[in-house]
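Reader: I would like to go through this structure before setting up any calculations. Could you show it to me, please?

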Amino acid sequence: MSTVDKMLIKGIRSFDPENKNVITFFRPLTLIVGPNGAGKTTIIESLKVACTGELPPNARSGQSFIHDPKVAGETETKGQIKLRFKTAARKDVVCIRSFQLTQKATKMEYKALESVLQTINPHTGEKVCLSYRCADMDREIPALMGVSKAILENVIFVHQDEANWPLQDPSTLKKKFDDIFSATRYTKALEVIKKLHKDQAQEIKQYRLKLENLQTLKDAAYKLRESIASDQDRTEALKSQMQELENDIQHLDNNIHNTEVTLKDLRKLQERIATKTAERSILFKEQERQYAALTEENEDTDEELMEWKSKFEERIAILETKISKLNREMNDTETKISYLKETMDDYVRETSKLQTEAEVHQNLKNDRELKIKRLFERNNLGVVPNSPFSDEVALNLINRVQSRLKDLDNDLDDKKKSNERELEAAFGQYMHANDCWKDVDAQKQAKLEIKRGILKRIEEQENERDSFERQISNVNLSHMDEREKNMRIEMERKTKHLAEREFESSIQKKQSEIHSLEPKIKALNREKDIMVADSEDRVKLSIRKAELENLKKKLKKIMDEHKDKIRGVLKGRVPADKDLKQEIAKVQRASQAEFDDLNSKAREAEKEVNLLQLKIQEVNINLSKLHKDMDSRRRFIESKLHSLDQQSVSIDSYPKALDSSKEKRDVQKSKYNIADGMRQMFDPFERVARAHHICPCCERPFSAEEEDEFVKKQRVKAASSAEHMKLLAVESSDTDSQFQQLDKLRMVYEEYTKIGQESIPLAEKSLSELNEDLDRKNQALDDILGVLAQVKSEKGSVDALIQPVETADRLFQEIQTLQEQVDDLEDKLDFRGQGGKTMEDIQRELDSLQQTKDSLHNDVEKLREEQRYTEMDISSIQMRWHSLREEKLRATNTLNELRKVEEELDRLAEQKNQAELDEKHLAEAASQLEKEKEAFLRHHNVLKAKLNCEYEEQAKLKANYQQEAVKLLEITDEIKKYHALKKGERLKEVQEKHSQSESQFRSFEARKEEISVELNKIKDLMRNQDNVRRGIEDNLNYRKIKAEVDGLAREIELLEEEILKVGGASAVEAELAKLSKEREGLLSEVQLTVAYPTPHSVFKQMPWHHVCL
């Protein structure tokens, strides 16, 4: 069962974003109490958001859920919810969700930041943090808790505004219940089963049609085999005739090739002439444009122009240096002026402040004189001199006031001490009685608390015992062991089958064969393209482009559908299309290696658990033997005790019985000795009483009547003591005999105690250590299995991407192939050659290679499908095995807990009886002490009220005088503080500094005007120099372009001379047409030779998968 431990809230609704508020959830119940607006509902909302990611109602898309930035005085606030809980597997997990609310110009923007899950690595003990998107976190946490998201939203953490959903309309209510009880999962499963049944029926129908078609093709194949032998002789004769014609065609092909090479060279020369002409025309236009833009065409040489240009650039650099220097000086002056302004403003503010303080100082001196006069008049302190007072006179008067205040303090302290002594004596009597009563009452309350705790624990233990008995009533451990053994065998068989098949190596081998066929198919396609006419090339080019666009759309569709999954597998990356398959394959290999490693660790951990279980079984056998020995000794001692006491007693009462027997023996001996001593003392007591007329015990004087009464009593006791001593002698002998018999059983009881306190605890300690070790191993195994399940789920997500990624990679390869074909067609549309093969030969070879490639693709798909089904079977078996082990572990733990609960109930019953007896004795003692305590308390309260009244009257007089004296001293301190800080001198100093700053400010303003005038003059001069430099650069650029135009004209003339030497393109094209006609005549003769199609040739032209038997 999953439980919530702690939650931290920061920046949510009214919770401060700067403080961390931690709520601890206690078990079995936590009550949240507080006034309206305290944040009770916010705690439930935070729990719901942390577990499901769903915001509460009326949250305005999260804007009202996060602490308002306006309230915090910020433009942005951040909120955080950190929840620590135990998963269904009892592992500690911390969920952290962070949010951000930003105040924009016109609106508030809410954003959910990345979520984090923290776990503890069971091997290293370190914290492991995993970052998730919000959607992944919303699925992960309910899965860890073992509770569906619908139950968390609508039952456990339902909001108070949504708690009335059972009263909503039927459609909404049905949807809620379907989500809670997962009813839609079963309906979807039925729909999937129906769909599979329909697809299987359709597939069977198709296979039947294919079977009939294959039977027909099989019959035709038998007939074609019979005609092949008769056609082979005729084929040999035709081959020799075709060989002669092919030699002639080969000779013509060589001539055509040489002519085409010459024509190709001529066309390249024509293209170069056209390119040079276009370049010359562009440069000539640029030359004319620059000539028109020249203000003046300079007749100086290029060297002279370059020299003038460098001189102007140096002058411009010098001017720029002067401008920068003046700008720096200007900035420095402005900085000084601004600093002086700020200084002057500070002096003005300080002057006004000091003048105000001077006025306040004079007012304080007047108040001091007035208060001194009032104090002297009211309290008769003497004569006051005339105003105004000097500082010395005022100080003397204040000292007289303080001395009077000290006298009043001393009188009040003496009164207080005398009152405290009287009250302390009265309160001491009360506290002594109260301490005695509290001790007894505390003992009584402690016994009550112990009794209530015992009763509560008894009730809890009984409920827990009933719960454990109900849990183990339907458990069959032997059946679980058999199921676990079968699953382990099945798991090993499936894993061995997967390793033996070697799917990856087979797939890679098939793919390498496919890649080796692709260059051959590409070469054949090129050869076929060369033989197609110009119009056919264009048609084919358009078809290829259409296919290319179609493949790109398919690739884009696949990538869009699986982009999120790819990003999740590759940690947020989406690689290029060409690297996608390699990246996914790398991730798959890594996940497979991690899965295999964890699987081997799980098997090793399981072996260790089995070994520990065998050790625990041996310890249990030894422990049962010890219990049997202990029971035999217990029965022997109990039988002896029964024979002595004639009633059923347990062995636990033996020490009490032995001590009781010994105590009885000692008591009887003591009684006998006391009685004997008393008997011997009767005569001396009587003689002392008669001789001295006092009590022999306490020496109290006796009257005559008391003395006679005492002597009479002593004689009666002396007469009865002889008979009493006989009875005591018999009882002492009986108790001594019983003690001797019990003492003989001590050796057996010590052996019994040794077994119970040493041997059995050692065995139980060893058993508990083994059980703890077993629990640790089981926990480690569960952790490994949990991580294994997580790795398996990640591996499943990667495996699910293999097929679409391979499809995308195949489409990408086909796109690359088609792109190359399109480029080849576009490049070679005007330049082609022809080989020695016929169109039919190329087509047959191309079909054969394509069929081989298709069959290899089908084999690869089948191998992948078989691999995926095998891995799914292994995953299913592992999940069922893990759930069975958890069920078995829970049943074992329940049996152990039930045994512990029964032992605890027996111990609690004994504690309850002892607590009830102690409580009765303490109640009687407490009632007597309480009466004495109340009498002392009443006396103390009366005395306290009387003394407090006298003290308060005297304190009131002193307080009034002290209040006036304190005010006078405060005024005096303010006056002294003013003189100590020398604020009058500071006022004069500030006024002088202010006048100096004003004179400096006027001088800096004048310097600023001078710098501004000089700076404007230098800028005008620099603009004139820059215009002259630009004119020189324009002349140099014009001369450069003119030289390039003349060079291109000379190159064009040389290329035209080369074309004239060859003879022209028209003559070469005529020769090529003549050779092509001769070749076509030979090809027509070859076609007439093989024009009649024999059955053998028809058989060769048929697709191989149609004639395969």
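Author: The answers below deal with surface patches, backbone geometry and record annotations in turn. Please bear in mind that this is a predicted model.

Reader: Let us begin with charge. Which residues gather in the patch of negative charge on the surface?

Author: The patch consists of Glu-459, Glu-460, Glu-462, Asp-466, Glu-469, Asp-652, Glu-764, Glu-902, Glu-903, Asp-906 and Glu-910.

Reader: Which helices each supply at least two residues of it?

Author: Helix H8 (391-472) and helix H16 (839-981) do so. H8 gives the largest share, with five residues.

Reader: Take Glu-469. Where does it lie, and why is it classed as partly exposed?

Author: Glu-469 belongs to helix H8. Its relative accessible area is 37%, and it counts as partly exposed because that value falls between the 20% and 50% limits.

Reader: Turning to nonpolar surface, which residues form a nonpolar patch?

Author: Leu-29, Leu-31 and Val-33 form one, and together they have about 390 Å² of accessible area. Leu-31 sits in the loop between strand S2 (21-24) and helix H1 (40-52). Its relative accessibility is 67%, so Leu-31 counts as exposed.

Reader: I should also check the backbone. Is the peptide bond from Arg-27 to Pro-28 cis or trans?

Author: That bond is cis, with omega near 5°. Pro-28 is found in the loop between S2 and H1, the loop that also holds Leu-31. As background, most peptide bonds are trans, and most residues other than glycine have a negative phi.

Reader: What is the phi of Arg-13, and what is that of Arg-90?

Author: Phi is near 50° for Arg-13 and about 65° for Arg-90. Neither residue is a glycine, and both values are positive. Arg-13 is located in the loop between strand S1 (3-10) and S2, whereas Arg-90 is in the loop between strand S3 (76-86) and strand S4 (92-103). Arg-13 is partly exposed at 23% relative accessible area, and Arg-90 is partly exposed at 38%.

Reader: Now the annotations. Which residues does the UniProt "binding site" cover?

Author: The UniProt annotation, from an unreviewed entry, covers Cys-695 and Cys-698. In the model, Cys-695 lies in the loop between helix H13 (654-692) and helix H14 (704-744).

Reader: Is Cys-695 buried or exposed?

Author: Cys-695 is buried, with a relative accessible area of 11%.

Reader: Finally, which residues does UniProt list under "coiled-coil region"?

Author: The unreviewed UniProt entry lists several spans, including 398-425 and 808-1007. Residues 398-425 are 100% helix and 0% strand, with the end C-alpha atoms 41 Å apart.

Note on methods: Residues numbered from 1 in each chain as written. Predicted model: local features only at pLDDT ≥ 70, side-chain atom pairs only at ≥ 80, totals over all residues. Heavy atoms only, no water. Patch = residues over 30% accessible without salt bridge, like charges linked within 9 Å, V, L, I, M, F, W, Y side chains within 5 Å. Areas by Shrake-Rupley, 256 points an atom, 1.4 Å probe, with all protein chains shown as cover. Salt bridge = Lys/Arg side-chain N within 4 Å of Asp/Glu carboxyl O. Lys, Arg positive; Asp, Glu negative; His and termini not counted. Charge placed at Lys NZ, Arg CZ, Asp CG, Glu CD. Helix = DSSP H or I, 4+ residues; strand = E, 2+ residues; numbered from the N terminus. Buried < 20%, exposed > 50% of the residue type's maximum accessible area, 1.4 Å probe, protein only. UniProt positions renumbered as here; feature names shortened; annotations may be inferred.
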